[in-house]
Amino acid sequence: MIEAQHLSKRFGAVVAVREVSLRAADGRITGLLGPNGAGKSTTLRMLYTVLRPDTGDALIDGYSAVRTPLEAARRLGVLAQGGGIYPNLTARENILYFARLHGLARAQGRSRTAELIALLEMEQFADRRAKGFSQGERIKTALARALVHRPRNVLLDEPTNGLDVMAVRTLRRLLGSLRDAGHCVLFSSHVMQEVSALCDEVVVIAAGTVLASGTPEAIRAGSGTLEEAFVRLIGGAEIS
Ligand code: ADP
Ligand code: MG
C-alpha cells in the first residue's frame, strides 16, 4: 500500500507538485495519468525516496519515505524513467547484481534471476551486454531488476514508453499477475488508452495538482468516454 499525503515540491520558481495526496491499494493497479510536465515523475521520485518533499510525506506499507527511507525503499520495486541499467553488464548480470544488493544469497539470486528471465521472455538477449539493447530489452531488464527482491509494492514511471506491441502485452500481463498476487502496482502514463486498458484506479494529475481520482467508471461518469473526461479535467491541455 502506497499513500501520498500532501506532497509538494518546487524547483526554483517552478512548483512541480502541489499538495498531492493519493492512495494505491494492494491488489489493485493504480494509474497516475497526466500530460507531460504534470508532475508525475516528481511525485513518483518522492514516493521512492530519491527526492525529499518540501512538505508532506509518503507511507509505503506504513513506513515514512521521509523519516524511514530505507525501510520504505526495501518494500518497493522501482522502474524509473529511462531504466538506468549498466551497459557493460549483460541483462542477467544486471539482475544478479541487484539480487546481491538486496541481500539475496548467491544461489537464490541466480534462481530468481532465471525465473524472471523466463517470465519476461528475455532468453534471446539475457546473456548479451546491455550496451546496444533496444528500448524494449532495456525496459525488460530494468523491470526484472525491480522485481528481483519480490517487493510488495511496484512503482513504474512511464513503463510502456518506446515498447512495441508485443512488449506492451507482456508488460500488461505481468502487471496483471502482480495485481492478482496481491501486490500494489502504481504506474504513470501520459497515454490515456494505456491507463484505461490496465487500471483499476486512476489518479488524474495536471500542473502538479490531482484533479480527480477513482475507478475509470467513476471518472467517466457523465462524460462519455474516459478520454472525454480526461480532456475536460485537464482543460484541453495537449495530450496523446
Ligand atoms: P512529468 O513526469 O509529469 O512529465 P515532471 O515531474 O518530470 O513531469 O516535471 C514537472 C515539472 O517540474 C516540469 O515543469 C519540470 O520541468 C519540472 N522539473 C522536474 N524536475 C526538475 C528538476 N530537477 N529541476 C527543475 N525542474 C524540474
Ligand atoms: Mg515523467
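Good morning. Strand S2 (14-24) and helix H1 (40-47) each supply at least two residues of the shell around ligand 1. I begin with that ligand, and I should state at once that the model before you is predicted. My talk then turns to a pocket and, at the end, to a cavity.

Which element gives the most to the shell around ligand 1? The answer is H1, with three residues. The full list of residues around the ligand is Phe11, Val14, Ala16, Pro35, Asn36, Gly37, Ala38, Gly39, Lys40, Ser41 and Thr42. By class, this shell has five nonpolar residues, five polar ones and one charged one.

Let us now consider individual contacts. The side chain of Lys40 has an N or O atom 2.8 Å from an oxygen atom of ligand 1. For Ser41, a polar backbone atom lies 2.9 Å from an oxygen atom of the ligand. Thr42 again uses its side chain, where an N or O atom is 2.6 Å from an oxygen atom of ligand 1. How much of the ligand does the protein cover? On its own, ligand 1 has 560 Å² of accessible area, and the protein covers 60% of that.

I come next to the largest pocket, which holds about 330 Å³ of space. Its lining consists of 19 residues, and those closest to the centre are Gly77, Val78, Phe98, His102 and Arg145. Strand S6 (76-79), helix H3 (91-101) and helix H5 (135-147) each supply at least two lining residues. Of the elements, S6 gives the most, with four residues. The lining of this pocket divides into 12 nonpolar, six polar and one charged residues. Please note also that domain 1 (1-75 + 151-240) and domain 2 (86-150) each provide at least three residues of the pocket lining.

Finally, the cavity. How many cavities of 30 Å³ or more does a search of the whole structure find? The search finds one. The largest cavity has a volume of about 40 Å³, and its lining is formed by Leu120, Ile139, Lys140, Leu143, Leu163, Ala167, Thr170 and Leu171. Helix H5 and helix H6 (165-180) are the elements that give two or more residues to this lining. Six of the lining residues are nonpolar, one is polar and one is charged. Here, too, domain 1 and domain 2 each contribute at least three residues to the lining.

To close, I would ask you to find Lys40, Ser41 and Thr42 in the structure, since each has an atom listed in a contact with an oxygen atom of ligand 1. Thank you for your attention.

Methods. Residues numbered from 1 in each chain as written. Chains lettered and ligands numbered in written order. Predicted model: local features only at pLDDT ≥ 70, side-chain atom pairs only at ≥ 80, totals over all residues. Heavy atoms only, no water. 1 Å grid on protein atoms, 1.4 Å probe; cavity = no way out; pocket = protein on both sides within 12 Å on 5 of 7 lines; lining within 4 Å. Points joined across faces, edges and corners; volume = space filled by probe spheres on them. Nonpolar A, V, L, I, M, F, W, Y, C, P; charged D, E, K, R; others polar. Domains from an automatic or database assignment. Near = heavy atom within 4 Å. Polar contact = N/O pair within 3.5 Å; in protein donor to acceptor, adjacent residues only side chain to side chain. Areas by Shrake-Rupley, 256 points an atom, 1.4 Å probe, with all protein chains shown as cover.
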